[in-house]
Amino acid sequence: YKFVDIKNLTKEEYKIFDLTPKIISLVGIPNYRIPKIRISETMRVTIDDTDGVWDPSIPAIVIKRNKLNSLLEYAATLLHEIGHATTGAPDVSRAFEHILTEYLGKTSVVAIQK
């Protein structure tokens, strides 16, 4: 990783990053359970060139900086990784599919009730 200090984000990037607690609250995760979120210019080399990862070795969610160019892409990546961080479930597993389905339902309810 090549981590970016939050103070070095552009104004536009920071506006999206600053929504992190609000995005996570959509799926009912309280602030005290939110893991550290780190932004990186680079990611680990993988077979699928991931743009986000829950890395329990540091422990933090790491999201590639270019995801801060779009609220949609940042929120999607963040919620995906929150699913890993809070459940420990791996990609392509029934448990992970279950948590993502739950998150879709919760975000739908929040959107409809507003």
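This passage describes the overall fold, the nonpolar core and a few individual residues of a predicted model.

Taken as a whole, the protein contains four helices and four strands. Followed along the sequence, these elements come in the order β-α-α-β-β-β-α-α. The C-alpha atoms occupy a box of roughly 35 × 30 × 25 Å along the principal axes. For a chain of 114 residues, a compact globule would be expected to have a radius of gyration near 13 Å, and the 14 Å found for the protein agrees with that expectation. Contacts that reach across the sequence are well represented: of those between residues at least 6 apart, 59% link residues at least 24 apart.

The surface and the charges complete this general picture. The protein exposes about 7,100 Å², of which carbon and sulfur atoms supply 56%. Of the 114 residues, 34% are buried. There are 15 positive and 14 negative charges, and the mean positions of the two sets lie 6 Å apart.

Turning to the interior, nonpolar side chains in soluble globular proteins tend to be buried together. In this model, the largest nonpolar core has 22 residues, and the members that touch the most others are Ile39, Tyr74 and Leu78. Two or more residues each are given to this core by helix 1 (11–17), helix 2 (20–25), strand 2 (37–40), strand 4 (60–64), helix 3 (71–87) and helix 4 (94–113). Helix 3 provides the largest share, with five residues.

Isoleucine 39 shows how one core member meets residues from many parts of the chain. Apart from neighbours within four places in sequence, its contacts include Lys2, Phe3, Val4, Ile6 and Leu9, and also Phe17. Further along the sequence, isoleucine 39 is in contact with Ile63, Arg65, Leu68 and Tyr74.

Isoleucine 37 also belongs to strand 2. Its relative accessibility is 13%, so isoleucine 37 counts as buried, the cut-off being under 20%. With residues up to four places away left out, isoleucine 37 touches Phe17, Thr20, Ile61, Ile63, Tyr74 and Leu78. Isoleucine 16, by comparison, is 21 residues away from isoleucine 37 in sequence, with 13 Å between their C-alpha atoms.

One of the partners of isoleucine 37 is threonine 20, a residue of helix 2. Threonine 20 is buried because its relative accessible area is 5%, under the 20% limit. Beyond its neighbours within four places in sequence, threonine 20 is in contact with Ile37, Tyr74 and Leu78. Tyr74 and Leu78 thus appear in the contacts of isoleucine 37 as well.

Two exposed residues offer a contrast to these buried positions. Leucine 72 lies in helix 3, the helix that gives five residues to the core. Leucine 72 itself has a relative accessible area of 68% and is therefore exposed, the threshold being over 50%. Its C-alpha atom is separated by 17 Å from that of lysine 11, a residue 61 places away along the chain.

Valine 92 sits in the loop between helix 3 and helix 4. With 85% relative accessibility, valine 92 counts as exposed. The backbone at this position also deserves a look. Most residues other than glycine have a negative phi. Valine 92, however, has a positive phi, near 55°.

Technical notes: Residues are numbered from 1 along each chain as its sequence is written. This is a predicted model: local features need pLDDT of at least 70, side-chain atom pairs count only at pLDDT 80 or more; totals for chains, interfaces and linings use all residues. Side-chain values use heavy atoms; hydrogens and water are left out. A nonpolar core is a set of buried Ala, Val, Leu, Ile, Met, Phe, Trp, Tyr and Cys residues joined through side-chain atoms within 4.5 Å. Buried means under 20% relative accessible area, exposed over 50%, partly exposed in between (1.4 Å probe, protein chains only). Contact means heavy atoms within 4.5 Å. The radius of gyration is taken over C-alpha atoms; the globule rule is 2.2 Å times the number of residues to the power 0.38. Accessible areas come from the Shrake-Rupley method with a 1.4 Å probe; for residues, only the protein chains shown count as cover. Lys and Arg count as positive and Asp and Glu as negative; His and the chain ends are not counted. The place of a charge is taken as NZ of Lys, CZ of Arg, CG of Asp or CD of Glu.
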